[in-house]
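Subject: A structure for you to look through

Dear colleague,

Here is the structure I promised to hand over to you, and I would be glad if you opened it beside this message while you read. My notes on what was found follow directly below it.

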Amino acid sequence: MPTSPRIVFMGTPEFAVASLDAILHAGYPVVAVITAPDKPAGRGMQLTESAVKKYAREKGLPILQPEKLKAPAFLEELRSLAADLQIVVAFRMLPEVVWNMPPMGTVNLHGSLLPQYRGAAPINWAVINGETETGVTTFKLQQDIDTGNILLQDRFPIGPAETAGDVHDRMKEIGARLLVRTIEGLAAGTLKEIPQVAPIREPGLPGPTIIDPSPLKHAPKISTETGHIDWTKPTTEIYNLIRGLSPFPGAFTHLDGKLLKIYHSTPVIEPHPAVPPGQMDTDQKSYLRFSTADGFIRVTELQLEGKKKMKIEDFLRGYKPRQQEA
């Protein structure tokens, strides 16, 4: 294996920039960057470059933006790069003809401790589910999504008040360092691939049986319905939902017939609240809260439909809620 493998990097959002930056600073040759095509965005719907493209352009790296990953012209160009290794961070699903191309394979960085939280939104779901720990995993891509052999993992705690955004910002740096260690290990030939679920021979059975010691939790794409707050749920569950969807896309309810997104809150547990779930209460100055099954959620940062995101005190100075139920 080459000590300095020729790398093709694939990624699109800001999360992936930290990994690309770490690879370059470690001295590995990135022969090309593959990212999403420019897309219309903003009020003017102007073509906007991905965060990875902007960074790659600043560094003078060759950039490819294929519409279709199976297009013959793209595949020919990819082969001509003669990469030893491909690195994927927050990109789209690759066809086998792409991930199986380089001799050292294709490595993906995933934002969970695989096999837990396979899917598109591992950070969000870990926080929504109230996990106190998460991590990052590097693994070899194979046909089924997020199921390839594990190379390295690194774990870290999730604070009780941290949002998905907080975890995201720490994870991108931790993941970038893990990725560099992974490349080092692959280049040195010291890494051993570990199957995500190892075959275990169960006594009394004729052959190996897959035994999963813990139920797998999944991380599907966040839908609009995911963010709808059900005030009949326990306070802690609602609080975790709000944390898990902040800063994007935001958990939501309704106030005065308008959509209200809640980005930060404080949970208050009262075993026997005197008001039914979903009732809003405010002093019109410093607090606004909604009742839950076992307490209240005090809103500390929010955004009412048609208005900008703001702290609760600023919101109440300019808006007097009328409706008393969510």
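E49 forms a salt bridge with R57, and the closest N and O atoms of this pair lie 2.4 Å apart. Please keep in mind that this distance, like every other value in this message, was computed from a predicted model. E49 also meets K53 through its side chain, in a salt bridge with an N to O distance of 3.7 Å. The three residues are not alike in how far they are covered: K53 is buried, because its relative accessible area is 11% and buried means under 20%. E49, at 22% relative accessibility, counts as partly exposed, and R57 is likewise partly exposed, with a relative accessible area of 48%.

Another salt bridge joins the side chains of E133 and R155, at 2.8 Å from N to O. Here E133 belongs to strand β8 (residues 133-140) and R155 to strand β9 (residues 150-157), so the pair ties together parts that are 22 residues apart in sequence. Both ends are partly exposed, E133 with a relative accessible area of 37% and R155 at 48% relative accessibility. Returning to the earlier group, D38, E49, K53 and R57 are joined into one network by salt bridges that share partners. In total, the structure holds 11 salt bridges.

The next place to look is strand β6, which covers residues 85-89. How many of the five residues of this strand are buried? Five of the five are, so β6 is largely enclosed by the rest of the structure. In a regular strand the side chains alternate between the two faces of the sheet. Both faces of β6 are covered, since L85, I87 and V89 on one side are all buried, as are Q86 and V88 on the other. β6 pairs with strand β1 (residues 7-11) in the parallel sense over five bridges, and one of the bridge partners to find is L85 in β6, which is matched with I7. β6 also runs parallel to strand β7 (residues 106-110), to which four bridges join it, and there the bridge partner of Q86 is T106.

From the strands we can turn to the nonpolar cores. The largest one has 65 residues, and those with the most contacts inside it are F9, I23, I87, L288 and F315. Helix α6 gives the most to this core, with eight residues. If you select F9 and leave out residues up to four places away in sequence, you will find that it touches A16, S19, L20, I23, V30, A32, V33, I34, V52, I87 and V89. A second, separate core has 21 residues, among them F74, V88, V98 and L141.

Finally, R170 is a residue that you may wish to find in helix α6, which covers residues 164-188. Is R170 buried or partly exposed? At 31% relative accessibility, R170 counts as partly exposed. Leaving aside its neighbours within four places in sequence, R170 is in contact with F156, P157, I158 and E162. The C-alpha atom of R170 is separated by 25 Å from that of Q303, a residue 133 places away along the chain.

With best wishes

Technical notes:
Residues numbered from 1 in each chain as written. Predicted model: local features only at pLDDT ≥ 70, side-chain atom pairs only at ≥ 80, totals over all residues. Heavy atoms only, no water. Helix = DSSP H or I, 4+ residues; strand = E, 2+ residues; numbered from the N terminus. Buried < 20%, exposed > 50% of the residue type's maximum accessible area, 1.4 Å probe, protein only. Contact = heavy atoms within 4.5 Å. Pairing = 2+ DSSP bridges. Salt bridge = Lys/Arg side-chain N within 4 Å of Asp/Glu carboxyl O. Core = buried A, V, L, I, M, F, W, Y, C linked by side-chain atoms within 4.5 Å.
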